[in-house]
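Colleague: Before I take this model to the bench, I would like to go through the terms used to describe it and ask what each one rests on.

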Amino acid sequence: MAETNPETIYDVAVIGGGPAGYTAAIRGAEYGLKVALIDASPRLGGTCLLVGCVPTKALLFNAELWDYLKEAEEFGFKGVDARTLDWGAVMARKNAIVTKHVNGLQFLMRKHKIALFSGFGRVTGGAKDVVHSVEVESNRVKSPVKAKNVVLATGSEAKLLPGLKADETILTNIEILSLSAPPKSLIVIGAGAVGVEFASIFRSFGTEVAILEFLPRMVAVEDEEISKELARVFRKRGIETSTGAKVEKVEKTADGVRVSYTDANGNAQVKEAEKVLVAVGRGPLTSGIGLEKTKVELERGFVKVGEAQETAEPGVYAIGDIVAGLPQLAHVGAMSGMVAMAKIAGRYYRPVRRDRIPSCTYTDPQIGSAGLTESQAKEKGHEVKVGKFPFAGNSKATIVGSHDGFVKVVTDAKYGEILGVHIIGPQATELIAEAVAVMELEGTVDHLMFTIHAHPTLSEAMLDGYAAVEGMAINA
Ligand SMILES: Cc1cc2nc3c(=O)[nH]c(=O)nc-3n(C[C@H](O)[C@H](O)[C@H](O)COP(=O)(O)OP(=O)(O)OC[C@H]3O[C@@H](n4cnc5c(N)ncnc54)[C@H](O)[C@@H]3O)c2cc1C
């Protein structure tokens with residue numbers, strides 16, 4: 001906890017120490033600004049580090065290894081017993097990874113001389129003589145932190161269905177990350193990224209998983225063919241998915257939970273399981289932080305911002321999950337924080353572009369996408385030319401034993417500009433980085449067809465994907 005000298009005037013006070021807030025704070029310090037960071041949680045890192053990106057990916061890595069071990073004999077390993085999972089050790093490893101990175105953040109705060117305040121922060125109105133005052137409340141004691149600029153980075157929380165409260169049976173992303181054992185059965189409500197990731201992880205650990213999704217397809221923000229392929233592979237893996245399903249009631253039973261819903265044909269259905277995960281989206285944490293005393297404008301609770309993340313209140317910025325119109329992703333939060341700090345420091349910046357954001361879903365198989373889907377490109381009036389290359393034709397995919405999925409490249413037929421890349425398959429979340437760089441540089445198919453990709457690698461599937469636009473993939 002930083003010294004609370006009420007006379008100190010910081011250049012910036014950041015409220016919220018998740019990936020948006022801590023990245024902004026560090027970048028601000030790198031620009032030479034005097035930065036205060038206020039977080040309500042005893043541990044820095046926010047949703048992402050404590051109960052989101054990092055612990056889920058730690059579990060997913062275990063799940064992937066476990067799936068490989070189930071096929072041990074195929075890889076020539078005899079005598080491997082893939083039945084005795086030490087869940088306690090799995091959870092301990094996940095917790096150790098989180099703690100290591102929480103400590104890493106504490107180190108970075110010290111290294112960059114960022115004043116850290118532990119407590120709930122709220123703005124007290126507009127600036128007086130160009131200085132804002134943020135009230136930090138801890139153990140019912142309120143202390144002021146003064147700053148020339150304020151960056152709001154308070155993040156989001158899981159939405160629950162009306163009348164539900166999270167507990168040991170009705171789970172959100174928080175409770176499901178500290179289960180004492182994988183449940184025998186799990187109903188997942190919601191097939192967005194969070195829902196399908198947990199469905200994938202727990203299926204690998206032997207849980208019977210059923211997904212109920214209100215929309216007509218899973219991962220609805222993705223290209224339609226990606227949704228279809230995920231549904232196909234999930235079916236093959238024994239994950240049952242009902243789309244177009246409207247959940248009516250969730251009730252606890254003696255053995256777990258009963259979910260009543262109306263299926264896509266309008267028929268009433270009931271499913272029972274040991275646990276239910278509610279993954280129906282995340283709401284912004286913008287109430288109770290004093291915004292009503294400012295000119296900050298909200299849209300369904302999300303903060304409206306300009307291209308440098310500035311709000312309608314002079315000197316107040318908003319970044320991360322609370323921003324209207326941006327996807328709720330850690331790297332988007334981090335970049336929006338870097339943009340805000342560059343603006344505050346009077347340095348060069350480029351606004352966050354919605355069509356240059358890698359969107360990753362860490363399931364088995366993984367999904368990585370960026371830019372326009374095929375139908376979005378058509379809706380925008382592009383004459384669209386598409387190339388598709390299946391991982392079945394890629395030798396590295398065979399080596400790692402992962403043949404499901406494909407690379408789909410959406411281009412503008414006239415100039416060959418890459419408008420979107422949609423990958424489902426092995427390491428899709430890593431491969432998508434190339435596509436984002438290509439789109440940043442307005443790469444064209446002609447150019448990329450002559451860009452050398454190493455052999456044998458999964459990235460060669462990208463080369464074949466670009467060539468497929470001209471009907472000239474080599475390996476399919
Ligand atoms: C299960 C799950 C998995 C995910 N996986 C990924 C992934 O793999 N990749 C990805 O990009 N995204 C992922 N996300 C999304 C990602 O976690 C969020 O986009 C990201 O955490 C948002 O960052 P943020 O800094 O805006 O908010 P948060 O991470 O929510 O942090 C907000 C911080 O603000 C603090 N705070 C809130 N109110 C106050 C206040 N008034 N005063 C002081 N402090 C306050 C909180 O304590 C918290 O530390 C996942 C989310 C979930 C739930």
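The conversation below takes up the ligand, a pocket, the aromatic rings and the backbone in turn.

Modeller: Please keep in mind throughout that this is a predicted model.

Colleague: What makes a residue part of the shell around the ligand, and how many residues surround the ligand?

Modeller: A residue is counted if one of its heavy atoms lies within 4 Å of the ligand, and 37 residues surround the ligand, the closest being Asp39, Thr47, Lys57, Gly121 and Asp321. By class, the shell divides into 16 nonpolar, 17 polar and four charged residues. Helix 2 (46–51) gives the most to this shell, with four residues, while helix 1 (19–30) and strand 2 (35–39) are among the other elements that each supply at least two.

Colleague: How do you know that aspartate 39 makes a polar contact with the ligand?

Modeller: The cut-off for a pair of N or O atoms is 3.5 Å, and an N or O atom in the side chain of aspartate 39 is 2.7 Å from an oxygen atom of the ligand, so the pair counts as a polar contact. The backbone also takes part: a polar backbone atom of glycine 121 is 2.8 Å from a nitrogen atom of the ligand, and a backbone N or O atom of alanine 20 lies 3.0 Å from a ligand oxygen atom. Taken alone, the ligand exposes 1,000 Å², and the protein buries 93% of that.

Colleague: What lines the second largest pocket, and which helix gives the most to that lining?

Modeller: The second largest pocket holds about 1,100 Å³ of space. Its lining has 37 residues, of which Glu64, Asp67, Tyr68, Asp364 and Ser402 are the closest to the centre. Helix 3 gives the most to the lining, with seven residues, and by class the lining has 14 nonpolar, ten polar and 13 charged residues.

Colleague: Why is the pair of tyrosine 10 and phenylalanine 117 called edge-to-face?

Modeller: Rings pair if their centres lie within 6.5 Å, and planes over 60 degrees apart count as edge-to-face. The centres of these two rings are 6.1 Å apart and the planes stand at 85°, so the pair of tyrosine 10 and phenylalanine 117 is edge-to-face. The pair links distant parts of the chain, with tyrosine 10 in strand 1 and phenylalanine 117 in strand 3, 107 residues apart. By this rule the count comes to five aromatic pairs.

Colleague: What is the omega of the peptide bond that joins aspartate 364 and proline 365, and where does proline 365 lie?

Modeller: Omega is about 5° for this bond, which is cis, and proline 365 lies in the loop between strand 20 (359–361) and strand 21 (366–371). The peptide bond from histidine 455 to proline 456 is also cis, with omega near -10°, and proline 456 lies in the loop between helix 11 (445–448) and helix 12 (460–468).

Colleague: What makes aspartate 129 worth a remark about phi?

Modeller: Most residues other than glycine have a negative phi. Aspartate 129 is not a glycine, yet its phi is positive, at about 50°, and this residue is found in the loop between strand 4 and strand 5 (132–138).

Note on methods: Residues are numbered from 1 along each chain as its sequence is written. This is a predicted model: local features need pLDDT of at least 70, side-chain atom pairs count only at pLDDT 80 or more; totals for chains, interfaces and linings use all residues. Side-chain values use heavy atoms; hydrogens and water are left out. A polar contact is a pair of N or O atoms within 3.5 Å; within protein, one must be able to donate a hydrogen and the other to accept it, and residues adjacent in sequence count only if both atoms are side-chain atoms. Accessible areas come from the Shrake-Rupley method with a 1.4 Å probe; for residues, only the protein chains shown count as cover. Ala, Val, Leu, Ile, Met, Phe, Trp, Tyr, Cys and Pro count as nonpolar, Asp, Glu, Lys and Arg as charged, and the others, Gly among them, as polar. On a 1 Å grid over the protein atoms alone, a cavity is a set of points where a 1.4 Å probe fits but cannot get out, and a pocket is an open set with protein on both sides within 12 Å along at least five of seven lines; lining residues have an atom within 4 Å of a point. Grid points are joined across faces, edges and corners, and a volume is the space filled by probe spheres set on the points. Rings of Phe, Tyr and Trp (its six-membered ring) pair if their centres lie within 6.5 Å; planes under 30 degrees apart count as stacked, over 60 as edge-to-face and the rest as tilted.
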